[in-house]
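The following report describes the fold and packing of one model. The sequence and structure are shown first.

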Amino acid sequence: MKRNSLPSLPPPPVGEPGRLSSFFTPPGSWTTLAEHRRRFPAPPPARRQPDGTLIEMVERAGLRGRGGASFPTAAKLRAVAAGKRQPVVLANGSEGEPASYKDALIMTSAPHLVLDGALLAASAVGAEEVIVGIALDMRAARAAIDRAERERYAAEPSSARIRIIDVPARYVAGEERALVNLVNRGRAIPPQGTSRPFERGVAGRPTLVQNVETLAHLATIRRNGPDWFRSVGTAETPGTMLVSLGGAVADPGVYEIEVGTTFVDLLSAAGGATERIGGVLTGGYSGTWLRTEEAVRVTLDQKGLSAVGGFLGCGVVSVLPASACGLRESSAVLRWMAGETAGQCGPCVYGLAAIADATESLRAGRADGRVLERLERWSGDVEGRGACRFPDGAVRFLRSALRTFAADIEKHAKGYPCIRADQQPMLPLPLMTRAA
Amino acid sequence: MKGQRQLRVDPIGCTGHGICAELLPELIRLDDWGYPIIKNGPFPASLLDHARRAVTACPALALRITTDR
């Protein structure tokens, strides 16, 4: 649903040559490999020897993962390169977050840059195999990556082998251990045990799992150098980032911004709000709601958001119009999240369902007087008790909703039902699926 | 610290029988859905026998004692 209707690209605030969006081709057109190569040198041929110089460049650039966890990329590269067996690179294009479509966009409109990044990462760690995982509902992205791979297969045969795989369009499928488990055993759910992909991943080999946007940044760092990369962004998280901006704004879409841009600047770049703002969701459905007065003072970087209890995640920013009900939106999201559990861990299966039920009863004005107390307790009881961080994200979302919409919630808790119950929710939700 | 023991539950393996919480209420309580919540941090040596019994009694083989090295 979101995948087939990529919004048209508004001019990004950072259109500087060499940044990601300068590589984006408009829908319907294609940059051939030969054209791409005039701007971008071919990655070196695959070999087993890790490239320490490249890892150093990434380290000096201060690149952090853009998939949500914001982990320093160089540290991951180093850990994978240090393994005894030959590593594998697993490019993560699963984007299970419904409000995010920046990964779909970058794969669709700059597939050669993404593949260059993956191949450069392979040469950094000494891998000769690259796997690209793409969500099944991202057809345009899959077609573009397929086509880009075919062009290379003929023209640049000495590069690492590229294999492209389908990833189920489920939230948890993008979790790195789930993705590795998909390659190994065909099930995109976190496996039992505590193995980490950088130690034991695909076929037991050290595996670099890296978001596709991160890989594209890595390619631009290789091309333009760490100092160029660091010339924008914050000291802690240098560079630019792709933001999926949605909701009550004039021009929703994917924007490339300097990390640390203020929310207000992003909003003006998108033509401003279409009506009074009732709250802002950052970080998607594992992220946090902010009150409008918090949002207008916030910078879009992990540090800036943490200062107000927010979360940047994979760069989702959704603007809630004041005419919408935050509790209704949150209740719909929590119900959807409960259905996205992998179904393996009791606290996640039953806890998220109970939380969704309670939030729903609150919204409908039929909750008893203890519901907030129960939600509070369940949040603590669910957090940290799954095999992956999925339930923690849902709890983070819930807590921020209770905080941000406290005034509304108090009214609902006294028995006033939602007066906008027949309104379509603003936040996008794929078809409900049952637990696996 | 070296030699300190902790109880850990495998969240995927655990099926919520709840026997562990009956045998070892000092360290384990159940959540509203019957799954064990284990007290954070190392446990005292005086509870080692009880902890071992809980581990052995788990029908899902989901409970274990880890020792810091």
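Of the 436 residues of chain A, 57% count as buried (20 or more other C-beta atoms, placed from the backbone, within 10 Å of the residue's own; exposed means 12 or fewer, partly exposed in between). This is a predicted model, in which local features need pLDDT of at least 70 and side-chain atom pairs count only at pLDDT 80 or more, while totals for chains, interfaces and linings use all residues. Residues are numbered from 1 along each chain as its sequence is written, and chains are lettered from A and ligands numbered from 1 in the order in which they are written.

Chain A contains 17 helices and nine strands (DSSP runs, H or I of at least four residues and E of at least two, numbered from the N terminus). Chain A is as compact as a globular protein of 436 residues, because its radius of gyration is close to the globule-rule value. That radius is taken over C-alpha atoms, and the rule is 2.2 Å times the number of residues to the power 0.38.

| Quantity, chain A | Value |
|---|---|
| Radius of gyration | 21 Å |
| Globule rule | 22 Å |
| C-alpha span along principal axes | about 65 × 45 × 35 Å |

The largest nonpolar core (buried Ala, Val, Leu, Ile, Met, Phe, Trp, Tyr and Cys residues joined through C-beta atoms within 7 Å) has 136 residues. A:V89, A:A118 and A:V130 have the most contacts inside this core. Helix α5 (residues 111-125) of chain A gives the most to the core, with ten residues.

A:F229 lies in helix α9 (residues 226-230) of chain A. A:F229 is buried, with 26 other C-beta atoms within 10 Å.
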